[in-house]
Amino acid sequence: MSRAEETAEGAGPFTTRPTWHLNDGSTAVWESRRARKRGLLTVLAAGGTEARSRSADTASVGRLRTLNAVAAGTFAVGGGLFVLGAAVAQFGPADARGAWIYFAGGLFFNAGGYASLLQAVNAPRQDSASASLATGGVLNIDIANWGTRTGALRFSVGGVLQFFERP
């Protein structure tokens, strides 16, 4: 099976749902969320009415699940720290504790964002020759480069520096 025709859906420059009409008459659909979170590709056979899901290899699915758990956990902890920081700023002592709690929450949010980036980078893609999913193999950490990590760190440091700016 080779690709006969490819169409893509998405808002603006973002492609969230490419569809391939393969030469054998079947249709393969790559949906961004299903591919990133579960490692799945939807395939509808020629003349068929029921779509089947094809899964990526076990190692890739395990990697995606781990990244999903890390992202969910760090976002939850970061959100909790933001709530705590707001409570301390509102009802607690008038010192730097609230700022440090916000800073810690920001670090967790940055870690969650980075895990989400790695998840998107490592999402299985449609193989060029068949209606199956292919991955790059090992964790594609080089694509999420130093610039991304440096930007996240600068964002966090900027939050701390705001504490020292007095009106």
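Let's start at one spot: Gly39 has a relative accessibility of 0%, so it counts as buried. This glycine sits in the loop that links helix H1 (32-38) to strand E4. Follow the chain onward and you come to Pro124, which is 85 residues from Gly39 in sequence, yet the two C-alpha atoms are 6.1 Å apart in space. Keep in mind while you look around that this is a predicted model.

Now zoom out for a moment. The chain has four helices and seven strands. Reading from the N terminus, their order is β-β-β-α-β-β-α-α-β-β-α. Of the 167 residues in the chain, 29% are buried.

Back to the strand that follows Gly39's loop. E4 covers residues 40-44, and four of its five residues are buried, so this strand is mostly covered. What does E4 pair with? One partner is strand E3 (residues 27-29), joined to E4 by three bridges and running antiparallel to it. If you want a residue pair to click on, Ala28 has Val43 in E4 as its bridge partner. Another partner is strand E5 (residues 51-55), which pairs with E4 in the antiparallel sense over five bridges. Here you can pick Leu41, whose bridge partner in E5 is Arg54. E4 and E5 make a hairpin, with six residues between the two strands. In that turn, look at the backbone of Gly47: its phi is positive, at about 75°.

Next, helix H3, which runs over residues 97-121. How far apart should its ends be? With 25 residues at 1.5 Å a residue, the expected span is 36 Å, and the end C-alpha atoms are 36 Å apart, so the two values agree. Several of its residues are buried, among them Gly98, Ile101, Gly105, Tyr114 and Leu118. Gly106 belongs to the buried set as well, and it turns up again in the lining of the largest pocket.

That pocket holds about 160 Å³ of space. Its lining consists of Phe82, Ala99, Tyr102, Phe103, Gly106, Asn110, Phe155, Ser156, Gly159 and Val160. Which elements supply these residues? H3 and helix H4 (146-164) each contribute at least two, and H3 gives the most, with five. By character, the lining splits into six nonpolar residues, four polar ones and no charged ones.

For charges, go to the start of H3 instead. How many salt bridges does a search of the whole structure find? One. In this salt bridge the side chains of Asp95 and Arg97 meet, with 3.1 Å from N to O. Are these two buried or exposed? Asp95 has a relative accessible area of 38%, so it counts as partly exposed. Arg97 is also partly exposed, because its relative accessible area is 49%, which lies between the 20% and 50% cut-offs. Set that against Gly39, where we came in: that residue is buried, at 0%.

Conventions
Residues are numbered from 1 along each chain as its sequence is written. This is a predicted model: local features need pLDDT of at least 70, side-chain atom pairs count only at pLDDT 80 or more; totals for chains, interfaces and linings use all residues. Side-chain values use heavy atoms; hydrogens and water are left out. Two strands pair if DSSP finds at least two bridges between them. The expected span of a helix is 1.5 Å times one less than its number of residues. Buried means under 20% relative accessible area, exposed over 50%, partly exposed in between (1.4 Å probe, protein chains only). On a 1 Å grid over the protein atoms alone, a cavity is a set of points where a 1.4 Å probe fits but cannot get out, and a pocket is an open set with protein on both sides within 12 Å along at least five of seven lines; lining residues have an atom within 4 Å of a point. Grid points are joined across faces, edges and corners, and a volume is the space filled by probe spheres set on the points. Ala, Val, Leu, Ile, Met, Phe, Trp, Tyr, Cys and Pro count as nonpolar, Asp, Glu, Lys and Arg as charged, and the others, Gly among them, as polar. A salt bridge is a side-chain nitrogen of Lys or Arg within 4 Å of a carboxyl oxygen of Asp or Glu.
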